[in-house]
Amino acid sequence: MRIISGSARGRKLKEPQGRDTRPTTDKVKESMFNIIQFELEGRRVLDLFSGTGQLGLEALSRGAVHCTFVDQRREAAALIGENIKLTGFTEVSRVVQGEALSFLASCGEKFDVIFLDPPYGSGLLEKSVAQIAKFDILREHGIIICESGAEQPLPTLQPPYEVGREYRYGQIKLTICRRAGRIRE
């Protein structure tokens with residue numbers, strides 16, 4: 001597992017022991033960042049269900065200005081902290097060890113890009129998307145990148161939120177959701 005592109009390109013990240021964390025494969029991660037490559041520069045990112053922190057760290061490497069990493073497991077939060085140090089992003093990172101839905105309900109800040117990669121089939125993806133919309137924590141023109149099993153449907157969203165394009169990679173599906181806003185000039 002490594003950083004693919006940007007200022008920390010090629011840095012190897014520490015991987016978790018055991019099977020509690022399912023890191024995004026390099027193939028899916030590279031495709032994901034090709035899809036959103038022009039949406040990262042200068043943006044604030046939330047990496048929910050962070051695991052190793054690789055998605056948020058990749059975003060920082062590609063020009064995001066800040067990333068908040070959230071994972072409820074103590075071991076995962078510690079691993080994320082180690083990977084932040086390895087990549088040199090300590091000053092622009094925040095690690096929260098806590099339950100994802102509670103974080104969404106109380107975070108009080110807005111993000112431009114949100115990565116959602118909860119355990120497949122847990123129901124947390126649907127609940128997280130609903131919470132993000134309910135508490136309106138995505139900025140105008142912001143995006144949510146959802147990783148799920150290929151057959152998992154996303155809930156219908158109410159404006160200004162909308163479910164966008166889906167991309168399939170074998171048994172993995174990426175869904176891009178957006179928050180509409182005023183037309184940019």
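So, disulfides: this is a predicted model, and it holds zero of them. Just as a reminder, a disulfide is a covalent bond between the sulfur atoms of two cysteines. Why no bond for C67? Its closest cysteine sulfur, in C107, is 13 Å away, so that's too far. C67 is also buried, with a relative accessible area of 0%.

Then there's C146. Which cysteine sulfur is closest to it, and how far away? That's the one in C177, at 4.2 Å, and this is still too far for a bond, because we need the two sulfurs within 2.5 Å. C146 is buried as well, again at 0% relative accessibility.

Okay, on to the sheet. It's an open one with seven strands, and if you walk across, you go β3, β2, β1, β4, β5, β7, β6, with mixed pairing. At the edges you have β3 and β6, the latter being residues 161–169, and each of these pairs on one side only. Neighbouring strands are turned by 15° against each other on average, ignoring direction.

Let's zoom in on β1 and β4. Those two run parallel and are joined by four bridges. If you want a spot to click on, try D47, which stands opposite F115 in β4.

While we're in β4, have a look at D112, since that strand covers residues 111–116. Is D112 buried or exposed? Buried, with a relative accessible area of 10%. Its side chain reaches the backbone nitrogen of R44, at 2.8 Å. Leaving out neighbours within four places in sequence, the contacts of D112 are R43, R44, L138, R139, G142 and I143.

Now the helices that lie on this sheet. Helix α2, residues 54–61, lies across β1, β2, β3 and β4, and runs at about 175° to β2. How many of its residues are buried? Eight of the eight, so the helix is largely enclosed by the rest of the structure. That list includes polar-looking letters you might want to find on screen, such as Q54, E58 and S61.

What do those buried residues pack against? Quite a list: α1 (26–35), β1 (44–48), β2 (66–71), α3 (74–87), β3 (93–97) and β4. After α2 comes G63, with a positive phi, near 115°.

And the last one is α3. This helix lies across β2 and β3, running at about 170° to β3.

Note on methods:
Residues are numbered from 1 along each chain as its sequence is written. This is a predicted model: local features need pLDDT of at least 70, side-chain atom pairs count only at pLDDT 80 or more; totals for chains, interfaces and linings use all residues. Side-chain values use heavy atoms; hydrogens and water are left out. Buried means under 20% relative accessible area, exposed over 50%, partly exposed in between (1.4 Å probe, protein chains only). A polar contact is a pair of N or O atoms within 3.5 Å; within protein, one must be able to donate a hydrogen and the other to accept it, and residues adjacent in sequence count only if both atoms are side-chain atoms. Contact means heavy atoms within 4.5 Å. Two strands pair if DSSP finds at least two bridges between them. Axes are lines fitted to C-alpha atoms, for helices over the stretch in contact, and angles run from 0 to 180 degrees between N-to-C directions.
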